[in-house]
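Have your viewer ready, with selections by residue number at hand. Let's walk through this model step by step, from the whole chain down to single contacts.

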Amino acid sequence: MLLEFVDLTHRRLLALLQSALWNKAADDALFTDMEEEDWHQLFKAAVAHGVMAIAFDGIMREPTKHLLPRSLKITWAANVEAVEQRYNYKAAVAAELAAMLSGESVPVMLFKGLALAQDYPIPQHREFGDLDIYLFGQARKGEQVLIKQGVKKEKTQQKHVVLSYKGVPIENHHYFLNLQNLSYVCRLEQYLQESLQKNVRFNQVPKGQLLYPPTDFHALFLVCHALRHFTRETNLRTLCDWAVFLYANKEKIDLTAYRAVLAEAGWLKAADAFTAITMELFGLDAETALNCQRCPALEEKMLNGILYPVQMPESPSAWQSIKFYYRRIKEERWKYELLYPGRYGRRIAHSVFFHLFHPIRTLKQLKLCSNS
């Protein structure tokens with residue numbers, strides 16, 4: 001049982017998330033002896049994992065709401081309201097983008113944050129930062145249309161261009177994965193592109209329409225995106241997204257194709273471990289497990305990497321910063337080799353060259369010069 005490796009604060013958080021997502025009563029014994037400091041630790045964990053609003057929904061469904069200190073309850077509720085306002089604002093911006101592009105016959109697909117939120121019981125409580133859009137091969141044309149209508153271009157990155165409109169960052173994607181000149185990652189990207197031809201979901205908005213991804217696209221993309229972030233750091237919100245997606249779409253996924261393309265890329269073992277962790281932590285039944293093959297040792301190792309990553313000390317000295325980066329390099333290695341065998345040396349070399357060409361940024365990271 002993976003829960004044996006989870007500390008009490010995270011077990012409480014997971015119980016609240018299950019209560020919010022599945023309307024499932026939490027174990028009262030987890031909360032009866034909580035002190036005020038325990039509640040603050042729970043709040044901090046919920047914030048750190050990006051699930052603060054969802055956890056509050058769980059509290060409000062449980063008798064535990066009467067145990068929550070009043071001052072923290074007010075703070076927590078105010079933060080949830082702020083999450084709702086940010087969601088509504090970004091959803092309105094997304095609708096504006098669709099309206100801008102509709103006149104030029106450029107389709108707009110939203111994926112990740114805003115699209116994932118649609119499967120949550122309260123979409124406004126799924127926190128996210130930027131808007132991720134895909135314009136079906138018309139990224140440059142769409143970019144030009146948007147810039148003419150007041151959208152700002154911030155920077156160009158490998159797989160997307162970062163735009164900004166009314167204070168909302170927008171990632172206009174040319175493609176979905178960091179290809180790294182690897183044939184098996186290119187095959188994953190090819191499958192994602194092919195799956196977009198199937199059953200995109202329409203969402204009518206004023207003066208335009210937004211598209212949400214087809215199920216097979218989102219199933220593969222969510223796993224690949226989660227595993228890529230796992231090489232550095234991930235959180236419970238990533239697992240929460242996967243749990244909610246599987247619960248809503250388990251009967252719509254082409255399991256044969258999903259497992260075949262991940263097996264071809266060599267990512268199936270890691271993907272199965274990620275799914276198994278999600279199943280146990282969020283209390284999903286075996287029918288939702290995508291036929292995953294269990295590997296307890298890898299699951300435990302991945303879970304520890306998610307819940308207990310190497311942390312930078314508060315106000316670190318230069319020496320503490322150096323030790324932190326050294327420990328993180330060691331921790332990253334097994335994660336990176338899991339997905340990109342034999343390529344970690346190249347990653348380190350790339351990082352060394354980057355820091356050599358950006359010495360001021362490096363010194364600031366090591367706290368050896370001021371932020372001025």
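**The whole chain**

Begin with everything on display: among contacts between residues at least 6 apart in sequence, 68% join residues at least 24 apart. Keep in mind as you look around that this is a predicted model. Colour by secondary structure next, and the protein chain shows 15 helices and 7 strands. If you colour by burial instead, 50% of the 372 residues count as buried.

**The second largest pocket**

Now turn to the second largest pocket, with a volume of about 200 Å³. Select Leu-3, Arg-11, Ala-15, Gln-18 and Leu-30: of the 13 lining residues, these are the closest to the pocket centre. Which elements give two or more residues to this lining? They are helix H1 (8-22) and helix H11 (268-281). H1 provides the largest share, 4 residues. By chemistry, the lining divides into 7 nonpolar, 2 polar and 4 charged residues.

**From H11 to H10**

Stay with H11 and add helix H10, residues 255-265. The two helix axes come within 7 Å and cross at roughly 130°. An angle between 115 and 145 degrees counts as oblique, so H10 is oblique to H11.

To see the contact itself, show side chains for Tyr-258, Arg-259, Leu-262 and Ala-263 in H10. On the H11 side, they meet Leu-268, Ala-271, Asp-272 and Thr-275. Coloured by residue type, this contact comes out as 5 nonpolar, 1 polar and 2 charged residues.

Technical notes:
Residues numbered from 1 in each chain as written. Predicted model: local features only at pLDDT ≥ 70, side-chain atom pairs only at ≥ 80, totals over all residues. Heavy atoms only, no water. 1 Å grid on protein atoms, 1.4 Å probe; cavity = no way out; pocket = protein on both sides within 12 Å on 5 of 7 lines; lining within 4 Å. Points joined across faces, edges and corners; volume = space filled by probe spheres on them. Nonpolar A, V, L, I, M, F, W, Y, C, P; charged D, E, K, R; others polar. Axes fitted to C-alpha atoms, helices over the stretch in contact; angles between N-to-C directions. Parallel < 35°, antiparallel > 145°, perpendicular 65-115°, else oblique. Contact = heavy atoms within 4.5 Å. Buried < 20%, exposed > 50% of the residue type's maximum accessible area, 1.4 Å probe, protein only.
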